[in-house]
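User: Hey, got a minute to walk through this one with me? I'd like to start with the strands and then move on to the rings.

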Amino acid sequence: MTQAYNYYSEFQKNAELQQNLKYKQKYRRLKRIVKDTVIENAALCDQVAQMQENLMLVKEERLFLLRKLCQQQGDIDPSTMLPRSQSNSVNSASFNLESSTPKKAAKKRVSTDGSEPKNKAKRYNKTMRKVVQLIPLDVHGRPIFPIALGDLTVYSLGEVVSDRIAYHTEDLIYPVGYCSTRIYANLRDVKSKSLYTCKILDGGQKPRFEIVSDNDLDQALVGSSPDECHSKLLVAISPLLRSIAPKGADFFGISHPTVQNLIQSTPGTRKLAMYKQQRFEVSKNQTMERGTSPITEEETDPGLGFAALHRHYALTNSYRIKEEPSDHDLLALQDFLA
């Protein structure tokens, strides 16, 4: 009887020991989970603090841009603007949109003699608003280069020269250091494509415009205006292209609404004597990914697009150039343009 009791007592002790070991393992596992959770929570707290700091910087930049926008568009209190998400505020501030700021209702003042006050003259071009494309922006709202706009690619916006009047007109700005590339017909072989680099350099009293082909880097086409450079390029490709009206600003890309808006948003444009501020708005029906663009004038203008140039002379000579033309058609086109 005593032996059976001892056996039962020993079995009970072993069962309690096994249960204690089991709870110890659970305790250690929970302790490890708590430790990992504390470390992860600390890391998340650091990340949240960093994000809050970045958010404060973005808010300060947003407020600064909104103040500059108010100065350009009139006396508007930034506190009256509706709250927006961070991405929308950065895009709207970067694109300098007039429609992004609700205007206060203008109060009519009646003078003592009964005559209505004259409207304050605004330094805006009276043309229609130009539609710009959404482009990739960094966390500070600055554009990410290169900016791909179809056959046109912009690598640098340059710097606005405000102390020399020849570096801008009423509609265009010629920033020094501007650089872009465009695909067009080759100087030596019209049936093949070539990449042209367009630059605006400091030429003293007047800007210096250059177009350089990637196949002939030593011979740059230089002019004192974009049209002069573009005209030289067309004649260099073929004398028959004299009939095409030069569009140098379009070929360089400085008249593209998206590029023009970015140039207008750079410092120094308010000091320009002749330039009239343009009005821009973002297209609500399109979203632009990097490297893509909607249909533009370059696809229909033979002076800007390679495919449009081939289609133009194909229609002129009553023969068709396919998307992948045969060697016979390309030789016929080359003989015609030679």
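Analyst: Sure. Keep in mind that this is a predicted model. A good place to start is S4: 6 of its 7 residues are buried, so S4 is largely enclosed by the rest of the structure.

User: OK, and which strands does S4 pair with in the antiparallel sense?

Analyst: S3 and S5. S3 is joined to S4 by 4 bridges, running antiparallel, and S4 pairs with S5 over 7 bridges, antiparallel again.

User: Can you give me residue partners? What stands opposite Ser-156 in S4, and what is the bridge partner of Ile-183 in S5?

Analyst: Opposite Ser-156 you find Cys-179 in S4. For Ile-183, the partner in S5 is Leu-195.

User: Zooming out, what is the strand order in the sheet?

Analyst: The order is S2-S3-S4-S5-S6-S7, an open sheet of 6 strands with antiparallel pairing. At the edges sit S2 (147-149) and S7 (216-223), each of which pairs on one side only. On average, neighbouring strands are turned by 25° against each other, ignoring direction.

User: How many bridges join S2 to S3?

Analyst: 3 bridges, with the two strands running antiparallel. Ala-148, for instance, stands opposite Thr-153 in S3.

User: Which helix lies across S4, S5, S6 and S7?

Analyst: That's H3, residues 226-237. The helix runs at about 130° to S7. H3 also gives the largest nonpolar core its largest share, 4 residues.

User: Tell me about that core. Which residues touch the most other members?

Analyst: Tyr-184, Ile-211 and Phe-252, out of 40 residues in the core. Phe-252 has a long contact list once you skip residues up to four places away in sequence: among them are Leu-152, Tyr-178, Cys-198, Ile-200, Phe-209, Ile-211, Pro-226 and Cys-229. Polar and charged residues show up there as well, including Ser-180, Lys-199 and Glu-210.

User: Good, rings next. How many aromatic pairs does the count come to?

Analyst: It comes to 4. One of them is Tyr-184 with Phe-251, an edge-to-face pair at 5.8 Å centre to centre with 85° between the planes. The two are 67 residues apart, with Tyr-184 in strand S4 and Phe-251 in helix H4 (residues 248-252), so to speak a link between distant parts of the chain.

User: Are Tyr-184 and Phe-251 buried or exposed?

Analyst: Both are buried. Phe-251 has a relative accessible area of 0%, which is why it counts as buried.

User: Phe-251 also pairs with Tyr-196, right? Why is that pair edge-to-face?

Analyst: Because the planes of Tyr-196 and Phe-251 are at 65°, and over 60 counts as edge-to-face. The ring centres are 6.4 Å apart. This pair links distant parts of the chain too: Tyr-196 is in S5, and 55 residues separate it from Phe-251 in H4. Tyr-196 is buried, with a relative accessible area of 1%.

User: Which charged residue lies over the face of Phe-251?

Analyst: Arg-182, at 5.4 Å from the ring centre. Elsewhere, Tyr-174, Phe-209 and Phe-252 form one aromatic cluster.

User: Switching topic: where does His-168 lie, and is it buried or exposed?

Analyst: His-168 lies in the loop between S3 and S4. At 3% relative accessibility, His-168 counts as buried.

User: What does His-168 touch?

Analyst: Not counting residues up to four places away in sequence, it touches Ile-173, Tyr-174, Leu-272, Ala-273, Met-274 and Tyr-275. His-168 and Ala-273 are 105 residues apart in sequence but 8.7 Å apart in space, C-alpha to C-alpha.

User: Last one: how many residues of H5 are buried?

Analyst: 7 of its 8, so H5 is mostly covered. One of the buried residues is Gln-260, which has 4% relative accessibility.

User: And what is Gln-260 in contact with, leaving aside neighbours within four places in sequence?

Analyst: Lys-130, Asp-171, Leu-172, Ile-254, Ser-255, Tyr-275, Gln-278 and Phe-280. Tyr-275 appears among the contacts of His-168 as well.

Key:
Residues numbered from 1 in each chain as written. Predicted model: local features only at pLDDT ≥ 70, side-chain atom pairs only at ≥ 80, totals over all residues. Heavy atoms only, no water. Pairing = 2+ DSSP bridges. Axes fitted to C-alpha atoms, helices over the stretch in contact; angles between N-to-C directions. Contact = heavy atoms within 4.5 Å. Buried < 20%, exposed > 50% of the residue type's maximum accessible area, 1.4 Å probe, protein only. Phe/Tyr/Trp six-rings, centres within 6.5 Å; stacked < 30°, edge-to-face > 60°. Lys NZ or Arg CZ within 6 Å of the ring centre and 35° of its normal. Core = buried A, V, L, I, M, F, W, Y, C linked by side-chain atoms within 4.5 Å.
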